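Welcome, and thanks for taking a look at this one. Here is a short briefing to read with the structure open beside you.

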Amino acid sequence: MYDEILPFLRCPACASTLDLHAARRDASGEILAGVLRCGCGAHYPLRDGIADFLGPPRPLTIAQRTNELAVTAWAYERIWRPFALTLLSGESLPYRRELPLIASWAGAERGGLFVDVACSNGLYARALTRAMRGAPGHVLAVDHALPMLREARRRALVAGLRISYVRAEARVLPVAAGVAAGVTIGGSLNEIGDLARCLQAVRRVLATNGRFVAMTLLAATGAAGQVVQRALASGGIVFWSRDELLAHFRAAGLHPQRDECHGIVLFSLCVPSREQ
Ligand SMILES: C[S@@+](CC[C@H](N)C(=O)[O-])C[C@H]1O[C@@H](n2cnc3c(N)ncnc32)[C@H](O)[C@@H]1O
Ligand SMILES: [Zn+2]
């Protein structure tokens, strides 16, 4: 985690600002260890460069538990992710098509604070940071699985990118209201557990000119796909039709501006609704 993110962090319990104590930094300025303290009495440890805002253990779905495994974190970007969208969409959809779309829809070139929610190995966080091309800004990447965050931080360090990683629930983002130029969620709404609360959290942190970009898997229309998705549903993975998903966005105060479907892969861009 880096100093740039400190002004934007808030206590998940009471939304107050946090003070960093007993900080230990390396030569690059990364905060390796310390404690974030709130006036309400809550405190959040920062170890190995990652701040931990997760409260006591809570029930997880099978999909979420799988993502807590070190082997999943190791394999995610090495084995599955480079080919995932091509396999799922049925067309050639490599990173070189996906990542520029995400960064340009999010408007990363404007700079500012970007939050990559349920970041896994940090693919979108790195793409957003690179797309800022020196514009003043910073990316905060959030996941509730520590092994995923450790691998994401390792990848950012290898790439020489300054990205702050925190362990937190997507439903309770430890971020101030109205500060984010953009929020991205790649493939995670399907397993996040509580879509409505997650979208409310996204809406809360977005600035008035903020953008929300999601890549989400839609309900299959073919028989074989439906069988697979029914099996995945028992593990906690949920699929919606495009119209259902956009209705969820609207209900959370996120106005859909543009979307693009590739097989079951939906890219969507929302902005905060004016009436909220
Ligand atoms: C499909 S992966 C994300 C992929 C990543 N965004 C990408 O594009 O490569 C799902 C991630 O969501 C995380 N996750 C699931 N439910 C979560 C929750 N309620 N809060 C925070 N993270 C969550 C998992 O730990 C996992 O890393
Ligand atoms: Zn507090």
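What follows is a walk from the sheet to its helices, then to the ligand and a few single residues.

Please keep in mind that this is a predicted model. At its heart for this briefing is an open sheet of eleven strands with mixed pairing. Helices α5 (residues 146–159) and α6 (residues 195–205) both pack on that sheet, and a shell of 20 residues surrounds ligand 1.

**The sheet**

- If you trace the sheet from one side to the other, the strand order reads β1-β2-β3-β4-β7-β6-β5-β8-β9-β11-β10.
- Its edges are formed by β1 (19–25) and β10 (254–262), each of which pairs on one side only.
- From one strand to the next, the twist averages 15°.

**β11 and its two partners**

- Strand β11 (residues 265–272) pairs with β10 in the antiparallel sense, and eight bridges join the two.
- Along this pairing, His262 has Val265 of β11 as its bridge partner, while Asp259 stands opposite Ser268 in β11.
- The hairpin of β10 and β11 has two residues between the strands, and Gly263 takes a positive phi near 60° there.
- β11 also pairs with β9, again in the antiparallel sense, over six bridges.
- Thr216 is the residue that stands opposite Leu266 in β11.
- How many of the eight residues of β11 are buried? Seven of them are, so the strand is largely enclosed by the rest of the structure.

**Helices packed on the sheet**

- Helix α5 touches β4 (50–52), β6 (137–143) and β7 (163–167).
- The direction of α5 makes about 175° with that of β7.
- Helix α6 touches β5 (112–117), β8 (180–186), β9 (206–217), β10 and β11.
- The direction of α6 makes about 150° with that of β9.
- Which residues of α6 are buried? They are Leu195, Cys198, Leu199, Ala201, Val202, Arg203 and Val205.
- These buried α6 residues pack against β5, β8, β9, β10 and β11, and also against helix α8 (242–251).

**A helix pair: α3 and α4**

- Two packed helices are described by the angle between their axes and the distance between the axes.
- For helix α3 (residues 95–106) and α4, the axes come within 9 Å and cross at roughly 60°.
- The crossing of α3 past α4 is right-handed.
- On the α3 side, Leu99, Ile102, Ala103 and Ala106 take part, and they meet Tyr124, Ala127, Leu128 and Ala131 in α4.
- By class, this contact has eight nonpolar residues, with no polar and no charged ones.

**Around ligand 1**

- Of the 20 residues that surround ligand 1, the closest are Asn67, Ala118, Ala145, Ala170 and Gly186.
- Helices α1 (62–67) and α4 (123–132) each supply at least two residues of this shell.
- Sorted by class, the shell has eight nonpolar, eight polar and four charged residues.

**Single residues worth a click**

- Ala15 sits in the segment before β1, and its phi is near 70°, a positive value in a residue other than glycine.
- Is Ala15 partly exposed or buried? With 14 C-beta neighbours inside 10 Å, Ala15 counts as partly exposed.
- Ser120 is found in the loop between β5 and α4, and its phi is near 50°, also a positive value in a residue other than glycine.
- Ser120 has 26 other C-beta atoms within 10 Å, and therefore counts as buried.
- Gly137 lies in strand β6 and is partly exposed, because 19 other C-beta atoms lie within 10 Å.
- Setting aside residues up to four places away in sequence, Gly137 touches Gly111, Gly112, Leu113, Phe114 and Met132.
- One of these contacts, Phe114, is 23 residues from Gly137 in sequence, yet their C-alpha atoms are 7.8 Å apart in space.

Note on methods. Residues are numbered from 1 along each chain as its sequence is written. Chains are lettered from A and ligands numbered from 1 in the order in which they are written. This is a predicted model: local features need pLDDT of at least 70, side-chain atom pairs count only at pLDDT 80 or more; totals for chains, interfaces and linings use all residues. Two strands pair if DSSP finds at least two bridges between them. Helices (H or I, at least four residues) and strands (E, at least two) are DSSP runs, numbered from the N terminus. Axes are lines fitted to C-alpha atoms, for helices over the stretch in contact, and angles run from 0 to 180 degrees between N-to-C directions. Two residues are in contact if their C-beta atoms, placed from the backbone, lie within 7 Å. A residue is near a molecule or strand if its C-beta atom, placed from the backbone, lies within 6 Å of it. Ala, Val, Leu, Ile, Met, Phe, Trp, Tyr, Cys and Pro count as nonpolar, Asp, Glu, Lys and Arg as charged, and the others, Gly among them, as polar. A residue is buried if 20 or more other C-beta atoms lie within 10 Å of its own, exposed if 12 or fewer, and partly exposed in between; C-beta atoms are placed from the backbone. A crossing is left-handed if the near helix is turned anticlockwise from the far one by less than a right angle, and right-handed if clockwise.
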